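Me: I am new to this structure and would like to understand the terms used to describe it. Please explain each one as it arises.

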Amino acid sequence: MDDTKILPTPDSRTARVTGEEALAMHAEGRPGKLEIRLTKPLVTARDLSLAYSPGVAEPCLHIARDPALAYDYTSKGNFVAVISNGTAVLGLGNLGALASKPVMEGKVALFKRFADVDGIDLCLDTEDVDAFVNCVRYLGPSFGGINLEDIKAPECFIIEQRLRELLDIPVFHDDQHGTAIVAAAGLINAAHLTGRDLKKTRLVINGAGAAAVACAELLKAMGMRPENVIMCDTKGVVYRGRTEGMNQWKSAHAVDTNARTLTQALEGADCFFGLSAKGAVTQDMVRAMAPAPIIFAMANPDPEITPDEAKAARPDCIIATGRSDYPNQVNNVLGFPFIFRGALDVRASTINEAMKIAAANALALLAREDVPEEVAGAGAGRALRFGPEYIIPNAFDPRLIARVSPAVAKAAMESGVARKPIPDLARYARDLAGRLDATASALEAIAEAVRANPKRVVFAEGEEEKTIRAAIAFRHAGYGTPVLIGREDRVHAVAATLGIPLPDGIEIHNARLSTSNIRYAEALYAKRQRDGFLMRDCQRLVNQDRNVFAACMVAAGDADAMVTGSTRSYSAALEGITMAIDPLPRSVLFGLSLIVTRRSGTVLVADTAIHERPDAATLAEIARQSAVAARRLGLHPRVAFLSFSTFGDPKGVIPGSVRDAVKLLDKTGVDFEHDGEMAADVALNPTLRETLYPFCRLTGPANVLIMPGLYAAHILTRAIPQLTSATVIGPLLLGLSRPAQIVPMQAGVNQVLDVACLAAHAAIAR
Ligand SMILES: NC(=O)C1=CN([C@@H]2O[C@H](COP(=O)(O)OP(=O)(O)OC[C@H]3O[C@@H](n4cnc5c(N)ncnc54)[C@H](OP(=O)(O)O)[C@@H]3O)[C@@H](O)[C@H]2O)C=CC1
Ligand SMILES: CC(=O)C(=O)O
Ligand SMILES: [Mg+2]
């Protein structure tokens, strides 16, 4: 089989990635998705003596006397093992331990990304239950919890049960309970929307394995009647008295019914849960369901029936899948990160039914709340409002951690399994809300907004390999129509050498042959005739300079935004753009860079592109526009004006203009925190301010740094990626009347794509 064909050919509306892109992402740089980082310095001999021999003996001896101290002296309390033997990898079947590793690394990545839980993937090469249990039981001391994953039924039931008995930490089979919790939350809301009472709702579950059995159990515990839940597997309906392909877990859910096939079971059913395999349900089957049927086709990566097929057959249905590229993603990613966060924080000995039900209710309630702007698509996306297309929160909703984890922790405390109760749950929820980087969620919301409002974005350097790759990814991501500027034959030749066919919906424009040339040249001439440009100069620029041509397209409204920069210096690209696109009235044109750090979230830095020595008025305006951008990125702006001096010490020329900028903002009365001048460490570390500068008005670490000059901004943003693991995005060009962005020449494909997406978003916000 050709591996790159595993994922279907994308269509611009639904699919977001191709198999080729997925493989490239996994192979890029350090292969895989994980690395381990140190939390303590290991630089000097003293560090070594403390962290390792002899110092390390001390915590060892303490833990030997009191095992609970392992939570204080080691990573145990925030460390989860994701363990699989690869016998039920998603819905792909038994792929074995090694082939399950990408999924397990993915689960670890999701733990970290969504709930700051550290994890490690352990792929056990055995299908023997005893061997599996023995292996895991002896690993227990290292971890605060065990997340079992993609182990097929019925072995998974025995493995989980035995490990729960053997270990004093939570053991949680995600495919069973994570899935059941999230599906229950979705069902609570779908039932509410369709006016159903769970006690009377008739449910058919296709699949009688790990996920299916756990869903049936949880829903029955929540009030569904056993006789109203019919389970099917590869042999058909699991009816009472059936002997073929049975086990005790299926028998527990066998019902008295005449139905023998899924088709028969679905006749008149209110609700369908697919926890089986791709394409297991037909349009005819869902046509036979009750009015306003609820269809959760949860098989991964491909559902039992696609939303398009289901909606075509039953326009009145509520449909959910396990995928992130359709509305209503019912996937255990909404569960396990937050459930473990809550369980770990109270040092729970187990995850019990009360904790599961609390998580399901918290998820269901969150979906009914107003969706904040930064979640709904940065104010410009498809409205996310509780309804048939939004029955469950989005995985990127930053409120999840502060809602689900405290609910789980509270239930653990109330049900007596918390070994370290949290005295102030409201404060805990507030602390959790600040634990994740708001920008990461905001960037995803921006991408979502662009998907909902696709744009035409010009990629000026259309013959470049990097640009072509980014344009294809732009198309696949559903961001809109990429317009490549270049010669058609050259663009196709480069794409052919890459082995990637250009998907439908990508446009190629040859500047020299374009029918719009005259129109663009005339518009440019009208703009520039008093700046020393003749008509023939403008014609030559439009014909020969792709940045000018692209900028003319955007200025004329033939495209919404443009991106360039891969082949020309920043100043040359900027000159081409500003030739045709005017600055925004009463604004300053400047560069804003995003430094995305793992420890301190995202910090914005300005001006990183234009003004070598900005005066006070320019600095003040840059601060104002940066604060607006910060809010758009989900940050509460705390703006620090940086210098080599802090509040007048030592004295010098540059701090003077910086101080005047602060005074200017004070005078105009802006609505964001700002102060300065101050040194970078004072800005970023509030404890340094406590004793020496208690009067400083910033209420926390600065997240917008206004630089005194371009030299300092450049040095900072160029040094950071070389010295640290932080990522720098930008500089983003702000202050133009139409969106145009310049990527640094050394930018990779993903950065070009991200910047194109941000440019498209700016076009929505205009
Ligand atoms: N959206 C989500 O969050 C999650 C989705 N899932 C999905 O659920 C599915 C099952 O996973 P899991 O329970 O872990 O796997 P298991 O191997 O434990 O169970 C699979 C079950 O599906 C049944 N099955 C397989 N193919 C068909 C078919 N064509 N028609 C009817 N039944 C079928 C099997 O029947 P038999 O017993 O006869 O072999 C078995 O009962 C996978 O697609 C997985 O991706 C799982 C967890 C989470
Ligand atoms: C989502 C998941 O865990 C699965 O499909 O197996
Ligand atoms: Mg799974």
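Me: Which residue in E20 stands opposite Ile-595?

Reply: The residue opposite Ile-595 is Val-728 in E20. The model is predicted, so local features need pLDDT of at least 70 and side-chain atom pairs count only at pLDDT 80 or more, whereas totals for chains, interfaces and linings use all residues. Residues are numbered from 1 along each chain as its sequence is written, chains are lettered from A and ligands numbered from 1 in the order in which they are written, and side-chain values use heavy atoms, with hydrogens and water left out.

Me: How do you know that E15 is paired with E20, and what makes each of them a strand?

Reply: Strands (E, at least two residues) and helices (H or I, at least four) are DSSP runs, numbered from the N terminus. Two strands pair if DSSP finds at least two bridges between them. Six bridges join E15 to E20, so the definition is met; the two run antiparallel. E15 is also joined by five bridges to strand E16 (residues 602-606), again antiparallel. In that pairing Leu-594 stands opposite Leu-604 in E16.

Me: Why is Asn-228 called buried?

Reply: Buried means under 20% relative accessible area, exposed means over 50%, and partly exposed lies in between (1.4 Å probe, protein chains only). Asn-228 has a relative accessible area of 15%, and therefore counts as buried. Asn-228 lies in the loop between helix H9 (210-221) and strand E6 (229-233). Contact means heavy atoms within 4.5 Å. By that measure, and leaving aside neighbours within four places in sequence, Asn-228 is in contact with Lys-199, Lys-200, Thr-201, Arg-202 and Leu-203.

Me: What makes Ser-142 partly exposed?

Reply: Ser-142 has 42% relative accessibility, so it counts as partly exposed. Ser-142 is found in the loop between helix H6 (129-139) and E3. Not counting residues up to four places away in sequence, Ser-142 touches Lys-76 and Phe-79. Ser-142 and Ala-70 are 72 residues apart in sequence and 9.0 Å apart in space, C-alpha to C-alpha.

Me: Is Ala-418 counted as buried or exposed, and where does it lie?

Reply: Ala-418 has 18% relative accessibility and so counts as buried. Its place is in the loop between H17 and helix H18 (425-433). Leaving aside neighbours within four places in sequence, the residues in contact with Ala-418 are Val-346, Arg-347, Ala-348, Ala-412 and Met-413.

Me: How do you know that the length of helix H20 agrees with its number of residues?

Reply: The expected span of a helix is 1.5 Å times one less than its number of residues. For the twelve residues of H20 (residues 465-476) this gives 16 Å, and the end C-alpha atoms are 17 Å apart, which agrees.

Me: Why is H20 described as largely enclosed?

Reply: Ten of its twelve residues are buried, so H20 is largely enclosed by the rest of the structure. Among the buried residues are Lys-466, Ile-468 and Phe-474. What covers the buried residues includes helix H1 (19-27), strand E11 (455-459) and helix H31 (749-765). H20 is followed by Gly-478, whose phi is positive, near 80 degrees.

Me: What makes E2 and E4 edge strands?

Reply: Four strands form an open sheet in the order E2-E1-E3-E4, with parallel pairing. Strand E2 (118-123) and strand E4 (171-173) each have a single partner strand, so one side of each is left without a neighbour in the sheet. Six bridges join strand E1 (residues 79-84) to E2, and Val-82 stands opposite Asp-121 in E2.

Me: What makes a space a pocket, and which residues lie nearest the centre of the second largest one?

Reply: On a 1 Å grid over the protein atoms alone, a pocket is an open set of points with protein on both sides within 12 Å along at least five of seven lines, and lining residues have an atom within 4 Å of a point. The second largest pocket is lined by 27 residues, of which Arg-632, Leu-733, Leu-734, Gly-735 and Ala-762 lie nearest its centre. The elements giving two or more residues to this lining include strand E15 (590-596) and strand E20 (727-734).

Methods
On a 1 Å grid over the protein atoms alone, a cavity is a set of points where a 1.4 Å probe fits but cannot get out, and a pocket is an open set with protein on both sides within 12 Å along at least five of seven lines; lining residues have an atom within 4 Å of a point.
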